[in-house]
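Here is a short tour of a protein and DNA assembly, written to be read with the structure open beside it. Please bring up the model and follow along.

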Number of protein chains: 2
Amino acid sequence: MPAPSRTSLEAIVAAGTALLEEAGPDGLTMQAVATRVGVRAPSLYKRVAGRDALVRLVAEAAVRDLTEVLEAATPPDADPAAALVDLAHALRRFAHARPAAFRLIFWSGAEATRPSPELNARAVAPVLRVCAALAGEDRALEAARTVTAWAAGFVGMELADAFRSGGDVDEAFEFGARRLAGAIAAG
Amino acid sequence: MPAPSRTSLEAIVAAGTALLEEAGPDGLTMQAVATRVGVRAPSLYKRVAGRDALVRLVAEAAVRDLTEVLEAATPPDADPAAALVDLAHALRRFAHARPAAFRLIFWSGAEATRPSPELNARAVAPVLRVCAALAGEDRALEAARTVTAWAAGFVGMELADAFRSGGDVDEAFEFGARRLAGAIAAG
DNA sequence: ACCTGAACACCGTTCAAGT
DNA sequence: ACCTGAACACCGTTCAAGT
């Protein structure tokens, strides 16, 4: 006698995403997710292999959201240097809106919960495109890694509250973005 | 009737440090630490407030080690641009030797386990000094944040296995270090 | 076909009892 | 003064039993 589904993978990932921001990574428990979707914890295992798999799904959904944000920030006809600064700001806005998701995407230590590299590559594709225009095809990859490392590092440190020695953080970000755009472009 | 101490805070922190690298943050459990120092878990609470406090102590010890590494990398009479590149390499070497500790220092999400900002500031002081020489006192803070964000971001992404699209990672690091030194120095 | 309670092996933490 | 076993509230996960 078949029993009707009382939840869905989509609802589970959405619950996980919400819990991640509201309660942090430690608050993203199978039990909390189950309660949220109106089911008992063991039922989740019908749709998800386990907690690690769920966290990865949450991370991958976040990467897809980030991809959209970054693509929206780079209209095809934009000036490359300006586009690079815009990309940096878009990444920072995403991180401020969803700090836990941002951390999960970039600094998730555990192999088991890491989003697939292909998805990450797609997210960073706009950066690569702009860097190619700015630094030339040969240098595009190195340039993109430099910019991405700086932007992700800056925002990560900001979220970790690492900038406490005074000074204007917005200005420091602006400073970095401009200087990097210049450094990438320079011969 | 006094009982003799069977362990010490120092031994506990050392055991935590070792476990962190060997078994990851999740492997750093009170029980594993206790076993390692030859005692039962409840005994640890005589010397440490709890797991979060222990993780913080481990992180702070790591920051002190990193501070020494960075100070050793910047002899007072070095050329500033070369010193900046040396600092970046020293940070990267530390991260490769102790990846879990590095992550804990820079990307620890949880407030409760974060090393004190004063300690972090001391660690980054050599960077600030070199940046002042390179960019001028006015720009030193922004420049240091730019460089630190890039270096920590790059190495963090490297540890997270984010650089899979081919290309030489060592070269990308070198590229970034040189370009940043130039960008910081430029007017 | 899906959901559940019960159970298991693990956590962190507290505390009364031992020496 | 320090250490311990026992206990508690929580995890993730498995599985037989229900519908």
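## DNA strand C

Start at Ala3(A), where a polar backbone atom sits 3.1 Å from a base nitrogen of DNA strand C. Keep in mind as you look that this is a predicted model. Two further backbone contacts go to phosphate oxygens of this strand: a backbone N or O atom of Arg40(A) is 2.9 Å from one, and a backbone N or O atom of Met30(B) is 3.0 Å from one. Two or more residues of the surface near DNA strand C come from α3 (41-44) of chain A, and two or more from α2 (30-37) of chain B.

Zooming out a little, you will find 20 residues around DNA strand C, with Arg6(A), Arg40(A), Ser43(A), Tyr45(B) and Arg51(B) the closest. Of the strand's atoms that come within 4 Å of the protein, 70% belong to sugar and phosphate. Sorted by class, the surface near DNA strand C is made of ten nonpolar, six polar and four charged residues.

## DNA strand D

Now turn to DNA strand D, which has 21 residues around it. Which of them are the closest? They are Tyr45(A), Arg51(A), Arg6(B), Arg40(B) and Ser43(B). Sugar and phosphate make up 69% of the atoms of DNA strand D that come within 4 Å of the protein.

The backbone takes part on this strand too. Ala3(B) has a polar backbone atom 3.0 Å from a base nitrogen of DNA strand D. Arg40(B) places a backbone N or O atom 2.9 Å from a phosphate oxygen of the strand, and a polar backbone atom of Met30(A) is 3.0 Å from a phosphate oxygen of DNA strand D. Among the helices, α2 (30-37) of chain A and α3 (41-44) of chain B each provide at least two residues of the surface near this strand. The surface near DNA strand D divides into ten nonpolar, six polar and five charged residues.

## Where the two chains meet

Next, follow the protein chains to their shared interface. Chain B brings 39 residues to the contact and chain A brings 39 residues. About 3400 Å² is buried between chain B and chain A, with carbon and sulfur atoms giving 64% of that area. On the chain B side, Trp107(B), Arg145(B) and Arg179(B) lose the most area to chain A, and together they make up 22% of what that side buries.

How many salt bridges cross the interface of chain B and chain A? The rule finds zero. Polar contacts are present, though: eight residue pairs between chain B and chain A, with both residues at pLDDT 80 or more, are counted. The elements giving two or more residues to the chain B side are α6 (99-107), α8 (137-159) and α9 (169-185) of chain B. Of these, α8(B) gives the most, with 14 residues. By class, the side of chain B that touches chain A has 19 nonpolar, eleven polar and nine charged residues.

## Helix α6 of chain B

One of those interface helices deserves a second look. Why can α6(B) be called largely enclosed by the rest of the structure? Because seven of the nine residues of α6(B) are buried. They are Ala100(B), Ala101(B), Phe102(B), Leu104(B), Ile105(B), Phe106(B) and Trp107(B).

Phe102(B), a residue of helix α6 of chain B, makes a good place to pause. Its relative accessibility is 0%, so Phe102(B) counts as buried. Setting aside neighbours within four places in sequence, Phe102(B) is in contact with Leu91(B), Phe94(B), Ala95(B), Trp107(B), Ala152(B), Val155(B), Gly156(B) and Leu159(B). For a sense of distance within the chain, Phe102(B) and Glu10(B) are 92 residues apart in sequence, and their C-alpha atoms are 20 Å apart in space.

## Chain A as a whole

Finally, step back to view chain A. This chain has nine helices and zero strands, and its pattern along the sequence reads α-α-α-α-α-α-α-α-α. The C-alpha trace of chain A spans about 70 × 40 × 25 Å along its principal axes.

Of the 187 residues in chain A, 51% count as buried. Taking the contacts in chain A between residues at least 6 apart in sequence, 67% join residues at least 24 apart.

Notes. Residues are numbered from 1 along each chain as its sequence is written. Chains are lettered from A and ligands numbered from 1 in the order in which they are written. This is a predicted model: local features need pLDDT of at least 70, side-chain atom pairs count only at pLDDT 80 or more; totals for chains, interfaces and linings use all residues. Side-chain values use heavy atoms; hydrogens and water are left out. A residue is near a molecule or strand if one of its heavy atoms lies within 4 Å of it. A polar contact is a pair of N or O atoms within 3.5 Å; within protein, one must be able to donate a hydrogen and the other to accept it, and residues adjacent in sequence count only if both atoms are side-chain atoms. Helices (H or I, at least four residues) and strands (E, at least two) are DSSP runs, numbered from the N terminus. Ala, Val, Leu, Ile, Met, Phe, Trp, Tyr, Cys and Pro count as nonpolar, Asp, Glu, Lys and Arg as charged, and the others, Gly among them, as polar. Contact means heavy atoms within 4.5 Å. Buried area is the accessible area (1.4 Å probe) that two parts lose on being put together, summed over both. A salt bridge is a side-chain nitrogen of Lys or Arg within 4 Å of a carboxyl oxygen of Asp or Glu. Buried means under 20% relative accessible area, exposed over 50%, partly exposed in between (1.4 Å probe, protein chains only).
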